[in-house]
Structure formats: C-alpha cells, structure tokens
Amino acid sequence: MSDTLFSKIAAGEIPANILYEDEDVVAFRDIGPQAPTHVLVIPRKPIPTINDLEPEDAELVGKLFLAAKRIAADEGIAEAGYRTVINCNAAGGQSVYHLHLHLLGGRPMQWPPG
C-alpha cells in the first residue's frame, strides 16, 4: 500500500472516526469539515488520482458511491440532499494523493461550488 495519510488510516495505523468499512472501502469523518456532515470515502486500494483509474477499477469506484449513499442515509441527510465530490490534482483541490470521495451535507450546498 502507498504511504499516504489515507492508506495509513485504511490500514489501521492512524486512528480516525470510521463510519463504514468493508474489504474494499473505508469511510471516516473529515478532520476539517466543510459542512455539518463531511465524510471521506476511500478505496483500500491506493489509487493516487482519478487520472490513475483503470477499467478494472470501475466496480471499486461504484462501491465508493454505494458507501456514500449508505452513510448519507445513516447520517440522516439522504432525503434533504447531499453532495459528492472527487477532486483531482492540485488545481482541482486535491491535497492527499489517495483517491477519495467527499460526502457533504447537513446544510444547503451553493452553486457554483468553487
């Protein structure tokens, strides 16, 4: 596994407020939340960016979104609505180079987002 903060969280080497995990996905609260609910959903497989995805990763990416759906329901934000975001590289706002989906909710989201 690559040596990022998120890979260490996925491996259990760094503590995090984990809300969901299975053999492929780990989800935990963001330590710098941008909304009342801000959860990061990551694959256990170390994929640096969206640009590094391969066709065989399609099912794994789907699992990130299914986990986000489940967490949104568990957090009570599914019916009101929420946002999912995946940033790619520095200009896209990515700061940790381990693919991660942001699940944001608990307040109205503005548009455009950035």
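# Reading the numbers behind the names

User: Which residue follows H2, and is its phi positive or negative?

Analyst: Glycine 76 comes right after H2, and its phi is positive, near 80°. Names such as H2 belong to DSSP runs numbered from the N terminus: helices (H or I) have at least four residues and strands (E) at least two. This is a predicted model, in which local features need pLDDT of at least 70 and side-chain atom pairs pLDDT 80 or more, while totals for chains, interfaces and linings use all residues. Residues are numbered from 1 along each chain as its sequence is written, and side-chain values use heavy atoms, with hydrogens and water left out.

User: How do you know that the span of helix H2 agrees with its number of residues?

Analyst: The expected span is 1.5 Å times one less than the number of residues. H2 has 18 residues (58-75), so it should span 26 Å, and its end C-alpha atoms are indeed 26 Å apart.

User: What makes you put the buried residues of H2 on the same side?

Analyst: The buried ones (under 20% relative accessible area, with exposed over 50% and partly exposed in between, using a 1.4 Å probe and protein chains only) are Leu60, Val61, Leu64, Ala67, Ala68, Ile71 and Ala72. They cover an arc of only 140°, so they share one side of H2; the arc is that of the directions from the helix axis to the C-beta atoms. On the other side, Ala58, Glu59, Leu66 and Lys69 are exposed. The buried residues of H2 pack against E1, E2, E3, E4 and E5.

User: Why is histidine 100 called buried?

Analyst: Its relative accessible area is 6%, which falls under the limit for buried, so the name fits. Histidine 100 sits in the loop between E4 and E5. Contact means heavy atoms within 4.5 Å, and, leaving aside neighbours within four places in sequence, the contacts of histidine 100 include Phe6, Leu40 and Val85.

User: What makes the link between the side chains of histidine 100 and histidine 102 a polar contact?

Analyst: The rule asks for a pair of N or O atoms within 3.5 Å; within protein, one must be able to donate a hydrogen and the other to accept it, and residues adjacent in sequence count only if both atoms are side-chain atoms. This contact is 3.5 Å.

User: Why is the pair of phenylalanine 6 and phenylalanine 28 called edge-to-face?

Analyst: Rings of Phe, Tyr and Trp (its six-membered ring) pair if their centres lie within 6.5 Å; planes under 30 degrees apart count as stacked, over 60 as edge-to-face and the rest as tilted. By this rule there is one aromatic pair. Its centres are 5.5 Å apart and its planes at 70°, so edge-to-face is the right name. Phenylalanine 6 belongs to helix H1 and phenylalanine 28 to strand E2, so the pair ties together parts 22 residues apart in sequence.

User: How do you know that isoleucine 31 is exposed?

Analyst: Its relative accessible area of 87% is over the limit for exposed, so the label holds. Isoleucine 31 lies in the loop between E2 and E3.

User: What makes a group of residues a nonpolar core, and which members of the largest one touch the most others?

Analyst: Such a core is a set of buried Ala, Val, Leu, Ile, Met, Phe, Trp, Tyr and Cys residues joined through side-chain atoms within 4.5 Å. The largest has 16 residues, and Val41, Ile71 and Leu103 touch the most other members. E2, E3, H2 and E5 each give it two or more residues, and H2 provides the largest share, six residues.
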